[in-house]
Structures are given as C-alpha cells and as structure tokens.
Amino acid sequence: MRRVACVLLLSGSAAASAQQAAQCPSLPPGSGLQWQEQAQNDFIVCKATTADGRTVLNVMLTARDPALALTRALRAEKGRFAGEDLYWYRLDMGGRDLPGLEARRITTVKLAKNRFAQIWIDAGDVAELASLQQLTGGLDDATANFAGK
C-alpha cells in the first residue's frame, strides 16, 4: 500500500511539473528548440535548447527589475518581445574580444507593473543570432499566472 501511495505521489509531482512548463512562452513548432524551465517564487527561467543540447536562448521572467546597466554604446539591433519594443545589446567583457561575442546579445523589457523579462542569446554564429532574434520577436508573455504578477 505504501508503494502505491509513493507511486501516486510521484506521478502527481510529474504532472504538476509538466503543467508548470506551460509558464514559458510557446516556441514555434518548427523551431527545433525545446524549453527547460526553472521556476521559483518570484522568477521563471526558460532555457531553449537545440536538439544537440546547446542552450541558445534564455528568458527570465521576474517581478523585480533586473536593473542591468546596458549602455547605449553597446546597443546593437532593434527587436520585440511579448509585443514590447526593445534594443539588443552586445556583451561587454571588459574590453576583451572573446571568440563568439559577435553572436551573443542581451536585453531587458518591462512587460507590466512589476513584470520584467531579461533575455539573452548565445548563438553559434551571426546567422543563428538573427534567426533567434526573429524568433524572440514572435514570442508572447504566456505567464498570466506568473507568481510575481
């Protein structure tokens, strides 16, 4: 009887975990990406991974302003997320020119009162970067039941 109760509890936990994965924005069917989600009381981190396991897109949805110091000198391309306009920023590695930096971007977006998104892209090359920026522009803020709302 105890074994049955443990199995039922574990299967209930798995179902609850699967339901929580819906807190990440929906990825387009043909994207080849899959979300891995980490949820806490006041934030959700959604990591989009490729079929070979590379994490290429990260979205953190939070109730607190990330307060990143994104300087205008590092501003790169315009973009969108959840219907909001944004600017993508190049990473500042203290003046060091590291391999792959040209294919990395970061940004923050205020979605509503006490609702923010911090998004970063770690693409393999500039073509993948452009593709991920376009994909991000089509994502919505699917976290209507977000705990920090």
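Here are some notes on the core, one buried glutamine and the aromatic rings of this predicted model.

1. Ground rules. Residue numbers run from 1 along each chain as its sequence is written, and side-chain values use heavy atoms, with hydrogens and water left out. As the model is predicted, local features need pLDDT of at least 70 and side-chain atom pairs count only at pLDDT 80 or more, while totals for chains, interfaces and linings use all residues.

2. The core. The largest nonpolar core (buried Ala, Val, Leu, Ile, Met, Phe, Trp, Tyr and Cys joined through side-chain atoms within 4.5 Å) has 25 residues, and Trp35, Leu57, Val59, Phe81 and Ile119 touch the most other members. Strands 2, 3, 5, 6 and 7 and helix 2 each give this core at least two residues. Strand 3 has the largest share, with four.

3. Ile119. Beyond its neighbours within four places in sequence, Ile119 is in contact (heavy atoms within 4.5 Å) with residues including Leu57, Val59, Phe81, Trp88 and Thr136.

4. Gln133. This residue sits in helix 2, residues 126–137 (helices are DSSP runs of H or I, at least four residues; strands are E, at least two). Gln133 counts as buried because its relative accessible area is 13%, and buried means under 20% with a 1.4 Å probe, protein chains only. Its non-neighbour contacts are Glu77, Trp88, Arg105 and Ile121.

5. Rings. Arg75 puts its charged end over the ring of Tyr87, 3.8 Å from the centre (for Arg, the test is CZ within 6 Å of the ring centre and within 35 degrees of the ring normal).

Technical notes: Buried means under 20% relative accessible area, exposed over 50%, partly exposed in between (1.4 Å probe, protein chains only).
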